[in-house]
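Take a look at the sequence and the 3D structure below. We will walk through a few of its parts.

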Amino acid sequence: MDESFANVYDDERRALAYAGLAFPGTYYLAFRDIPGLLRKHVAGSRALDFGCGAGRSSRFLKEHDFRVTGVDISASMLEHARERDPAGDYRLVRDGDLSGVASAAFDLVFSAFTFDNVPGREARAHLFGELRRVLAPGGRLVNLVSAPEIYVNEWVSFSTRQFQENRVAGSGDRVRIVMLDVPDRRPVEDVLWLEADYRELYARAGLAVLEVHRPLGMDGDPHEWDAETRVSPWAIYVLEEAH
Ligand SMILES: C[S@@+](CC[C@H](N)C(=O)[O-])C[C@H]1O[C@@H](n2cnc3c(N)ncnc32)[C@H](O)[C@@H]1O
């Protein structure tokens with residue numbers, strides 16, 4: 001990979017900068033409506049945070065009374081998670097290998113931004129199958145991802161105007177975005193995935209879509225929004241096991 005472009009999790013400095021973020025700017029919108037969605041859809045308190053990173057999403061779930069197991073492929077991110085929450089249950093997994101996670105054990109499987117970084121259709125298909133396997137009967141998978149629109153607009157927390165090639169990207173293509181909330185302004189590379197392709201993978205994995213929520217900026221939010229009031233930067237898929 002060109003050294004000037006790196007995924008945000010690839011180096012320690014960025015991992016630390018990311019770990020320091022709570023829900024600044026545009027991230028506020030990603031989490032603003034999650035409590036309501038969880039109240040509406042989830043019964044029970046056992047949660048798996050898939051791709052917990054430095055534990056931001058796990059701590060959020062804990063604050064909303066879930067008992068959380070966080071899993072991640074990055075040992076350094078997990079270290080930060082444990083530092084911030086020494087009593088927490090954070091486990092290292094190998095990429096694509098959730099065999100150490102019990103079947104039918106979770107009322108909620110939560111995945112926040114993890115699939116923005118998973119390359120490959122088959123790897124995604126396999127992971128969604130695994131996430132379905134660990135859902136308890138009646139459980140819900142909440143998959144919070146970047147909407148394709150995030151890569152072609154200007155936001156409080158992100159800029160993409162330098163990357164016109166994002167406009168013609170398809171599922172599986174690399175797209176670039178600059179995070180404005182951290183001092184390091186090198187572009188972050190993500191993997192684009194379009195809604196039709198998410199839906200295809202969900203169906204293949206035996207998951208049914210209950211709701212797709214696209215949070216928009218509103219009056220009363222604690223930010224002067226840019227594109228956020230017109231188009232949602234995030235897509236929140238609420239899924240259940242298909243019957
Ligand atoms: C963008 S971070 C999000 C962290 C956290 N969910 C949050 O909201 O702050 C995505 C995380 O997914 C992890 N990840 C990527 N691929 C993964 C996989 N196949 N299995 C588990 N974790 C993965 C990365 O290591 C990274 O920590």
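Buried means under 20% relative accessible area. The model shown here is predicted. With a relative accessible area of 7%, Phe-113 is therefore buried. Phe-113 sits in the loop between strand 4 and helix 6. Its phi is positive, near 70°, and the residue is not a glycine. Most residues other than glycine have a negative phi.

Ala-104 also has a positive phi, of about 50°, without being a glycine. Find Ala-104 in the loop between strand 3 (89–92) and strand 4. Ala-104 is partly exposed, with a relative accessible area of 39%.

Now turn to the nonpolar interior. The largest nonpolar core has 36 residues. Phe-31, Leu-61, Leu-108, Phe-110, Leu-144 and Trp-234 touch the most other members. Elements giving two or more residues to this core include helix 3 (34–41), helix 4 (56–63), strand 7 (174–179) and strand 10 (234–241). Helix 2 gives the most, with 4 residues. Beyond its neighbours within four places in sequence, Phe-31 is in contact with residues including Phe-60, Phe-110, Leu-144 and Phe-113. Another core, of 29 residues, lies apart from this one. Phe-50, Val-109, Phe-128 and Val-212 are among its members.

Helix 6 comes next. It spans residues 121–134, 14 in number. From first C-alpha to last it reaches 20 Å, close to the 20 Å expected at 1.5 Å a residue. Its buried residues include Arg-124, Leu-127, Phe-128, Glu-130 and Val-134. What covers the buried residues of helix 6? Strand 1 (46–50), strand 5 (135–146), helix 7 (195–204) and strand 9 (207–213) are among the elements that do.

Key: Residues are numbered from 1 along each chain as its sequence is written. This is a predicted model: local features need pLDDT of at least 70, side-chain atom pairs count only at pLDDT 80 or more; totals for chains, interfaces and linings use all residues. Side-chain values use heavy atoms; hydrogens and water are left out. The expected span of a helix is 1.5 Å times one less than its number of residues. Buried means under 20% relative accessible area, exposed over 50%, partly exposed in between (1.4 Å probe, protein chains only). Contact means heavy atoms within 4.5 Å. A nonpolar core is a set of buried Ala, Val, Leu, Ile, Met, Phe, Trp, Tyr and Cys residues joined through side-chain atoms within 4.5 Å.
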